[in-house]
Amino acid sequence: MLPLKLRILLFTAIFLSTSGALPADDSKIPKQEFGLEEGLLPEDISTFPELKTWAIYQSYELEPDGPYLGLQDSICRMVPESGLRFLLEKPSDTKSTVYLYLDLTMYKPLRGSKFKPRKLQIFVNGKPKRAILTERTKGFQNPVEIPLEPSEYPDGKIYIDLVPSQNSVGRFWGIWDAFVVENRLDEKD
């Protein structure tokens, strides 16, 4: 397990430098803003091996971080019970619909596990956009797609709020990646 300071620095470096690591064609992908000033706790970030170990003890199977747009780093920002808010910036000169994608942690219950239904509300700039429900026999599709009209982010700022349901005790929900693109992802991506 990495020391807290190193984990925070790695996490910050990854989220603040993702657009520089992408090919030139993807340079318009908004940067993700998770900084040290947030006062991150050890439980605020997790790696795939850490979450996989937790999932095994719960009798769940964890889906890995998706490889969308080359953003797969297997580092997850956990969503506290009180919710998580972050910012993506998109130049507001776009005249057509853009697509917000959220690659969320997804668990599948294994035989004999206790898996209670959980819900995650997704708000964009204060407006409810989507509710994700996961239960024993029903899940959701990653990455979660949310179309946005230019009028929904007139100043180019896209504030995303992830709010777990009241029965979500602990840090069940997490987000691997979040990005905005002008064209929908192909099913192959």
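This report covers selected backbone and packing features of a predicted model.

## Backbone outliers

Most residues other than glycine have a negative phi, and most peptide bonds are trans. Three sites in this model depart from that pattern of phi or peptide geometry: Ser-59, Asn-125 and the bond between Asn-142 and Pro-143.

Ser-59 is not a glycine, yet its phi is positive, about 65°. The residue sits in the loop between α2 (48-58) and β2 (60-62). Asn-125 is another residue other than glycine with a positive phi, near 50°. Its place is the loop between β7 (118-124) and β8.

How exposed is Ser-59? Its relative accessible area is 27%, so Ser-59 is partly exposed. Asn-125 also counts as partly exposed, because its relative accessibility is 28%.

The peptide bond from Asn-142 to Pro-143 is cis, with omega about -10°. Pro-143 belongs to the loop between β8 (127-134) and β9 (144-148).

## Helix α2

Helix α2 has a buried side and an exposed one. Phe-48, Leu-51 and Ala-55 are buried. These residues lie on the same side of α2, because they cover an arc of only 70° around the axis. Pro-49, Ile-56 and Tyr-57 are on the other side and are exposed.

What do the buried residues of α2 pack against? Their partners are β1 (45-47), β2, β3 (75-78), β6 (107-109) and β11 (174-181). After α2 comes Ser-59, with its positive phi near 65°.

## Strand β7 and its partners

Side chains alternate along β7. Arg-118, Leu-120, Ile-122 and Val-124 point to one face and are buried. Lys-119, Gln-121 and Phe-123 point to the other face and are not buried.

β7 pairs with β8 and with β10. The table gives both pairings.

| Strand pair | Sense | Bridges | One bridge pair |
|---|---|---|---|
| β7 and β8 | antiparallel | 7 bridges | Ile-122 and Arg-130 |
| β7 and β10 | antiparallel | 5 bridges | Phe-123 and Asp-161 |

β7 and β8 form a hairpin. How many residues lie between the two strands? There are 2 residues between them, and Asn-125, with its positive phi of about 50°, is in the turn. Ile-122, a buried residue of β7, has Arg-130 of β8 as its bridge partner. Phe-123 points to the other face of β7, and its bridge partner is Asp-161 in β10.

## Pro-128 and Gly-170

Pro-128 lies in strand β8. Is Pro-128 buried or exposed? It is exposed, because its relative accessible area is 58% and the cut-off for exposed is over 50%. Beyond residues up to four places away in sequence, Pro-128 touches Ile-122 and Phe-123. Pro-128 and Leu-162 are 34 residues apart in sequence, with 10.0 Å between their C-alpha atoms.

Gly-170 is in the loop between β10 (157-164) and β11. Its relative accessibility is 28%, so Gly-170 counts as partly exposed. Leaving out neighbours within four places in sequence, Gly-170 is in contact with Val-79 and Glu-81. Gly-170 and Met-78 are 92 residues apart along the chain, and their C-alpha atoms are separated by 9.8 Å.

Conventions. Residues are numbered from 1 along each chain as its sequence is written. This is a predicted model: local features need pLDDT of at least 70, side-chain atom pairs count only at pLDDT 80 or more; totals for chains, interfaces and linings use all residues. Side-chain values use heavy atoms; hydrogens and water are left out. Helices (H or I, at least four residues) and strands (E, at least two) are DSSP runs, numbered from the N terminus. Buried means under 20% relative accessible area, exposed over 50%, partly exposed in between (1.4 Å probe, protein chains only). Contact means heavy atoms within 4.5 Å. The arc is that of the directions from the helix axis to the C-beta atoms. Two strands pair if DSSP finds at least two bridges between them.
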